[in-house]
Amino acid sequence: MNRTSRFASQVGFTIAFSLGLGLCAGARAQATKPAPTLEKDAETQVLSPFTVTTNQDRGYAATQSLGATRVALPTLDISSSIVTLNEQVFLDRAAVSSMDLITMVSGIQRDSDGQPGVELYSMRGYAVGGINLRDGLPDPLNAADVPISGDASGFSRIEVIKGPAGVLYGSHSMGGVINRISKWPLFKKSTTVELQAQTTDQFIRASVDSTGPLNDDLAYRVTLSRRNGTRWWDRGGANDFYDQTVALMRLINKGQGKIWFRGHHFNYKLQRENQPQFLTGLLNPTNAAYVPVVKNGEFPISREANPPPADNISIGETFALELGTELSFSGMMNGDWTLRIVGRYSDREGDKSPSYATGRPVPVDANGAIVRYTNAAGAQVNGDNRFISAKDPRVADWRATLVLRDFIGFNESSSTTADLTGKFDTAMLKHTAIASMGYGTNESARSFFFWNASNPANTTAVANSFSMLRPVPETVNAQSIVASGATKQYNAFNGRVYSTGFNFAVMDNISFFNDRLIASVGARFDSTRAVRDQFSPALSLAAGKPVVNAAATTTTKNTAWTSRYGLVAKPTKWMSIFGQVSETFNPISGTNALTGAALPNQEGENNEVGIKVDLAGGRLSGTVSYFDMELSNVLVGFILPIEQGGGTVQLPVGVQKTKGWELDIAAQPLPGLFLIAGISSLDSVSATGTQFRGVPIEPNYSLMARYSLPEQSSLHGLFFGASWKRRGQSPGDATVSYYIASSDQYDAFFGYRFGQWTLQCNVENLLDSEYLWSAVSDTSALRLAPREFRLTARYTF
């Protein structure tokens, strides 16, 4: 079946299934006793188990969560660790993407990629690519090949649910999931226009968020955003970053439910914010066992420099459609019930096109000869960036091979989910139960052609190499490399995978003794089928496009049960003590890139206990937890040799064991003063005791504060604040040949609100630090971006 026909069948199935279940539920609702009328207000149009409210938020604190149980419940009643970043945090951070926000949560830190909006980070020491959820349901965009997020203008809050939640969401990171809450249509007219400009990695951004009623039962919401960057360019013209979402919601059955449509279009064409560079002189040539700790690395070039050709960009386009219905009714077991059916479809194409990779840099002197050093055995050998310092007076230049890569990739996915939740009593017990069923498909492919670029003016002892200190000559670009006669090669990379999955889950939150004791019990069944095609390099080269090797197609089928048990004890109304045992299951359809053997599936378990508080009407809330986690068959990315086109492959390294503790607090100690803070400390090692790249071995800290002047002040409307993020020392590469030292980033903001206007300035990296912040290897290390100013003007009417 080709992609066009598959698209038509999937969309047809999704719409038909959603509407069919919705009509059945509607008939049931008409035949049963109606629930109390659901009121419309400015914050929430239809009060339901699937809607969180914001009117109880105080400052940075939020008292409800949707993603942790797939129904809206008070945070104190949930037996897992949750942190919510509400709309006030969005505004104060002047957030453009999710990555502007989530690193303020304990246990989360950004991974090494400088592209705007790229969602690469770790949670509790486990690598994550992409935001997992939207409105408590799996977000199909999460499966896209390049995890670049949409604009923050379409979301009202972000929930971070820590630890595995396989019963609720199936396959996902062991570290947890992140749930973005969409802005819903309101029956109160409001429009916000926002303009932003940023220095250093320059861009101009305009966004519009408009909502209001079309009639008594129909409301709309439209969010539009466009960014244009003067540094994100290629030689072909300007770059643009578009994000548009249109949502319609209609109340049905006299307010007993709703039906909605949401369409999303996202288009990007951009360059890295801060190009990864190479460290120099980090290893001791006379001591092979030396493992350095690098803080201010010896980089030979400016952090703003971009040594590869300037057309090293990422391009992509995404379409997503969502159709949903929700109906409330009474009757069964004398309870109140709500049925939600949502169908989602997304299609994403694009990758880096073209992209460049460079080999390991080699130092040369003024005559072009390779700079040599004496190794631990006393022999003179050729140097490279690891053993020769950028401060070495003999070095006149650094040379490296250059590879052009022409990526081919796409991702297409669909999902249909039906959730039935009920609140009912049995004897002395109160139940908040949910039953969920889902079906989804996903098809993705990634491969690339590549050419090893030759240097026609090579005068050095390093054959076919280019300077890493000076920009590649303008005469060398994708067109010239292809036309130069360089041998065209092919890398099958990840191949093509088409997968389907079905799941069924039930979970019940059972409360005793006036909600003083709440037990959570759940189980889930998953069944997946994946067909994996390997591309044939020879046939693909001959055809000029990926061609499947029919003899190498494999089919993998997996089934799994996962469970979750939790208990919450509330000795007082403002404190709860919780514990949970939760599992996750990740089916793996790939093969070992080195051996060709099938990769085993991953199974994980988390044991966790903690305490939550919610004091003074939400003015002080927080969670402290201790966890002990284990994930089998962990995959770690290792860099391919440049002769194979570069990039990374995922290889198994065995079990990852992680234990540690985390603390998150949101407080309003004084009128107008808001605080959020986080601390995390963890130990994460393999079964052999090896540490993992990017996982801190020292505590991480974060703190953000905001103060606004009181109404009686003559400067009422003025506000200001600051934030601090400390990243603990961590291994810098997969082989732990060096460590990244602990480092600090300080940010600040100030603004003035008058009438319907708000003017604001955010300063990132206030001290203009050049600390090494993250890395994949010593040839792909990232410093903090230079100090930058983000100016925002906002008007609401």
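The secondary structure of the protein, taken from a predicted model, comprises 5 helices and 43 strands. The protein has 797 residues, and 57% of them are buried. Contacts were also sorted by sequence separation. Among those with a separation of 6 or more, 69% join residues 24 or more positions apart. The exposed surface of the protein amounts to about 31600 Å². Carbon and sulfur atoms supply 59% of that area.

The largest nonpolar core holds 28 residues. Within this core, Ile-108, Tyr-121, Ile-158, Val-160 and Ile-178 touch the most other members. Five elements are listed as giving two or more residues to it: β3 (82-85), α2 (87-92), β5 (120-123), β9 (155-162) and β34 (673-686). Strand β9 provides the largest share, 3 residues. The surroundings of Val-160 were examined without its neighbours within four places in sequence. Val-160 then has contacts with Ser-81, Ile-82 and Val-83. Val-105, Ile-108 and Met-123 are also in contact with Val-160, as are Val-177 and Ile-178. Another core, of 17 residues, lies apart from the largest one. Its members include Ala-445, Phe-449, Trp-451 and Ala-486.

Internal space was searched next. Rolling a probe the size of a water molecule over the atoms shows where empty space is left. The search of the whole structure returned 10 cavities of 30 Å³ or more. The second largest cavity has a volume of about 130 Å³. It is lined by 14 residues. Those closest to its centre are Gly-154, Ser-182, Thr-223, Thr-245 and Arg-262. Strands β13 (218-234), β14 (237-252) and β15 (257-270) each contribute at least two lining residues. By class, the lining of this cavity divides into 3 nonpolar, 5 polar and 6 charged residues.

Arg-496 was considered individually. This residue belongs to strand β27 (residues 488-512). Its relative accessibility is 28%, so Arg-496 counts as partly exposed; the partly exposed class runs between the 20% limit for buried and the 50% limit for exposed. Arg-496 and Phe-535 are 39 residues apart along the chain, yet their C-alpha atoms are separated by 7.8 Å. Phe-535 is also one of the contacts of Arg-496 when neighbours within four places in sequence are left aside. Under that condition, Arg-496 is also in contact with Glu-443, Ser-444 and Ala-445. Val-531, Arg-532, Asp-533 and Val-548 complete the set. Ala-445, in contact with Arg-496, is among the residues of the 17-residue core.

Technical notes: Residues numbered from 1 in each chain as written. Predicted model: local features only at pLDDT ≥ 70, side-chain atom pairs only at ≥ 80, totals over all residues. Heavy atoms only, no water. Helix = DSSP H or I, 4+ residues; strand = E, 2+ residues; numbered from the N terminus. Buried < 20%, exposed > 50% of the residue type's maximum accessible area, 1.4 Å probe, protein only. Contact = heavy atoms within 4.5 Å. Areas by Shrake-Rupley, 256 points an atom, 1.4 Å probe, with all protein chains shown as cover. Core = buried A, V, L, I, M, F, W, Y, C linked by side-chain atoms within 4.5 Å. 1 Å grid on protein atoms, 1.4 Å probe; cavity = no way out; pocket = protein on both sides within 12 Å on 5 of 7 lines; lining within 4 Å. Points joined across faces, edges and corners; volume = space filled by probe spheres on them. Nonpolar A, V, L, I, M, F, W, Y, C, P; charged D, E, K, R; others polar.
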